[in-house]
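Colleague: I have the model open in front of me. Could you take me through a few of its parts?
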Amino acid sequence: MAVEYSGGARRRWLVDVARWCPSPAQFQAAAALLPPKHHPAIARFVREEDRKRALLSRLLQYSLVHHVLGIPFHQIDICRTIEGKPYLENETLAFRNFNFNTSHQGDYVGIASELLCLVGLDIVCISKPQGETTVEFLKNFSSYLTDHEWNCIDRLGDSVEMLTEFYRYWSLKEAFVKAVGAGVGFGLHRLEFHHVQWSNISVYIDGIESRNWRFCLFKLDEMHLVCIDISYRLMCMESNSEPIW
């Protein structure tokens with residue numbers, strides 16, 4: 001299953017990797033579409049499902065650049081920053097701010113792109129902890145949460161609700177640092193998210209509210225959440241439209 005939203009350079013693509021069951025020959029044929037420099041990053045995974053996610057993530061990047069910018073597939077040059085954010089190496093003066101971000105976890109692989117603004121994407125699979133209670137599991141991540149966020153999670157009481165609430169915060173934080181290209185080294189505890197029933201989401205960075213961002217957070221299904229973080233100031237320069245998945 002593939003889902004697509006297209007609006008000029010703004011794209012939202014989603015693939016259900018669980019439904020793709022290639023033979024070894026089909027997998028190799030798909031991998032051959034990519035430059036050889038990407039092959040080790042795919043082959044390093046032991047589990048087949050992880051290799052599929054890694055392959056589809058890179059194929060989505062090349063396909064998106066080809067469809068949006070019209071660059072022939074074999075001429076596309078996608079690299080990664082030291083922190084791991086993919087970017088287009090090709091010189092495209094008309095689209096020099098064009099950027100994209102990918103995420104893959106559980107059953108899904110996704111990609112989001114924007115013409116002018118920074119964009120970060122994160123997909124999370126809500127999985128129950130193994131060998132420990134929900135509270136024990138969550139306490140492993142307490143250093144990445146602010147007191148406000150932890151209190152919002154802890155007061156729910158129900159383990160399922162607490163876990164889902166945690167993954168909402170985690171997805172927002174991950175998408176943010178992926179958008180700015182900083183990686184987890186940015187310090188997730190520096191980010192504090194506020195919301196009203198998970199709408200009107202806002203972020204405080206080092207205790208100061210930033211109004212430059214717009215957040216879109218929702219369920220893909222009962223087990224998966226997706227979050228898109230967009231630099232709102234730059235988005236407004238492009239158009240007055242809302243971010244859409």
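Modeller: One term is needed beforehand: a polar contact is a pair of N or O atoms within 3.5 Å; within protein, one must be able to donate a hydrogen and the other to accept it, and residues adjacent in sequence count only if both atoms are side-chain atoms. This is a predicted model, in which local features need pLDDT of at least 70, side-chain atom pairs count only at pLDDT 80 or more, and totals for chains, interfaces and linings use all residues. Residues are numbered from 1 along each chain as its sequence is written, and side-chain values use heavy atoms, without hydrogens and water.

Colleague: What does the side chain of Asn-99 lie 3.3 Å from?
Modeller: A polar atom of that side chain lies 3.3 Å from the backbone nitrogen of Val-119.

Colleague: Is Asn-99 buried or exposed?
Modeller: Asn-99 counts as buried because its relative accessibility is 11%, and buried means under 20% relative accessible area with a 1.4 Å probe, protein chains only.

Colleague: Which strand holds Asn-99?
Modeller: Asn-99 is in β5, residues 99–105; strands are DSSP runs of E with at least two residues, and helices are runs of H or I with at least four, numbered from the N terminus.

Colleague: Moving on, how many residues of α6 are buried?
Modeller: In α6, 16 of the 22 residues are buried.

Colleague: And what is found at the start of α6?
Modeller: There, a side-chain oxygen of Asp-158 comes within 3.1 Å of the backbone nitrogen of Val-160. Just after α6, Gly-181 has a positive phi of about 75°.

Technical notes. Buried < 20%, exposed > 50% of the residue type's maximum accessible area, 1.4 Å probe, protein only.
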